[in-house]
Amino acid sequence: MFSKSYPLCHDINEMTRSDDHMDVIIGFSTGDIVRYDPFSCKYVRMNKGGRMVSSAVQHIKWVPGSEDLFMVSFENGVIALMDKGREDQSFNIADFYPSEPQLHPIHPHKSIKHNPISHWNVSKKGIQDFVFSPDRQHVAVIGSDGYLRIIHWKEERIEDIFSSYFGRLICVDWSPDGNYILTGGEDDLVTIWSFHERTMVARCEGHRSWVTDVAFDPWRCDDDGYRFGSVGEDCQLLLWDFSINALQKPKLVSTNSTYMLFIHILFKIRNTTLLSSVVVKPWFPPLSPEQITIEPKKSLIKLFKGSNAPIVPEQKEADMPVFHPPVKNMAASTLQPTTVRVVHADPCVSVCFREKSILTTDRRGKVHIWGRPSPDETVLSP
């Protein structure tokens, strides 16, 4: 089975884990999925030779709170929901990527005996990573097309689509309280997104190459702020302390420009029917009422068509997702790291926070365990 394939990802089911049992699912380059118990050395092979989806497995995760269900993403842009107790059955689905960005889920088998439970063609390019929300209702999906998609996975519906500043996205994480999402990618940036306000909050500048992994520190996230870490191909580990007060306001070209006036008016009337789908929360200086002379509706629509403002068009249909184009650099708030340290000689792959340590890995397979900094320290001790 392993002569022509190699493992790419894995996950452990915390619901069924015990002193003598462990459910480990492993995704392979051939599309094979293996459920393995290291205690009994028994395994079950699924999607044999790409029988259901003929593409490499990019990411695989157990559905939080479930003993049987897991989600898997593939290099061809497909996401499948599967059950560990069901059998494979081949099915033929033509490559179907709808012109509109909403999901068109396919449920190939009515029988409860066969996988997959559901099949989504999300993108024409690979799905790099995904993470479930703490409330277990949503999943944040990132891909090689540079988009962050927020999917209500139980209703099988995309709610928001955010665009990266540049290039593909590589990693994603969700804050413990469910308020914020982190992404990192080829633009050398860590980006903070607000889930509830449905907007970009800030870009985090500090890496000198692609960001390969991001993670919130659950032991340093509270009402006062959020600690998170990131690693990249620059071999560095960066620690960040995020709060609204820590953000650096964007550098705007002109406070009296049409763009600024437009943003101000949009913010004023964001709850009106005309622009109910617009999500804008920029930094801007206050404008006096006499400066605002533009009539609403018709004048706004004219400005809307010719503006470079980071806005989202009104949804054509109620069930369509909101698309958020990238915010220009001059209009984006920024955050600087509190700790920067080279932790490997080779490009880093992942970062993980534990109660008493921080784990980092690199491309050569080395794992470094670092003593955790105290709240008042900014230096890591090996």
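A salt bridge is a side-chain nitrogen of Lys or Arg within 4 Å of a carboxyl oxygen of Asp or Glu. Arg-17 and Glu-14 form one, with their closest N and O atoms 3.3 Å apart.

This is a predicted model, in which local features need pLDDT of at least 70 and side-chain atom pairs count only at pLDDT 80 or more, while totals for chains, interfaces and linings use all residues. Residues are numbered from 1 along each chain as its sequence is written, and side-chain values use heavy atoms, with hydrogens and water left out.

**Salt bridges**

The whole structure holds 15 salt bridges. Three are listed here.

| Pair | N to O distance |
|---|---|
| Arg-17 and Glu-14 | 3.3 Å |
| Asp-23 and Arg-35 | 3.5 Å |
| Glu-186 and Arg-168 | 2.5 Å |

Burial is judged by relative accessible area: buried is under 20%, exposed is over 50%, and partly exposed lies in between (1.4 Å probe, protein chains only). Arg-17 is partly exposed at 45%. Glu-14 is exposed at 54%.

Asp-23 and Arg-35 are both buried. Strands are DSSP runs of E with at least two residues, numbered from the N terminus. Asp-23 sits in the loop between strand 1 (7–12) and strand 2 (24–28), and Arg-35 in strand 3 (residues 33–37), so their salt bridge ties together parts 12 residues apart in sequence.

Glu-186 lies in the loop between strand 14 and strand 15, and Arg-168 in the loop between strand 12 (157–163) and strand 13 (169–174). The two residues are 18 residues apart. Glu-186 is buried at 17%. Arg-168 is partly exposed at 24%. Shared partners also join Asp-23, Arg-35, Asp-68 and Lys-84 into one salt-bridge network.

**Nonpolar cores**

A nonpolar core is a set of buried Ala, Val, Leu, Ile, Met, Phe, Trp, Tyr and Cys residues joined through side-chain atoms within 4.5 Å. The largest has 19 residues. Val-190, Ile-192, Phe-228, Phe-242 and Leu-335 have the most contacts inside it. Several strands each supply at least two of its residues, including strand 14 (180–185), strand 15 (189–194) and strand 19 (236–242). A second, separate core has 16 residues, among them Trp-193 and Met-200.

**An open sheet**

Two strands pair if DSSP finds at least two bridges between them. Strands 23, 24 and 25 form an open antiparallel sheet in the order 23-24-25. Strand 23 (348–353) and strand 25 (367–371) each have a single partner strand, so one side of each lacks a neighbour in the sheet. Strand 24 (residues 357–362) is joined to strand 25 by 5 bridges. One bridge partner of this kind is Trp-370 in strand 25, which faces Ile-358 as its partner.

Key: Helix = DSSP H or I, 4+ residues; strand = E, 2+ residues; numbered from the N terminus.
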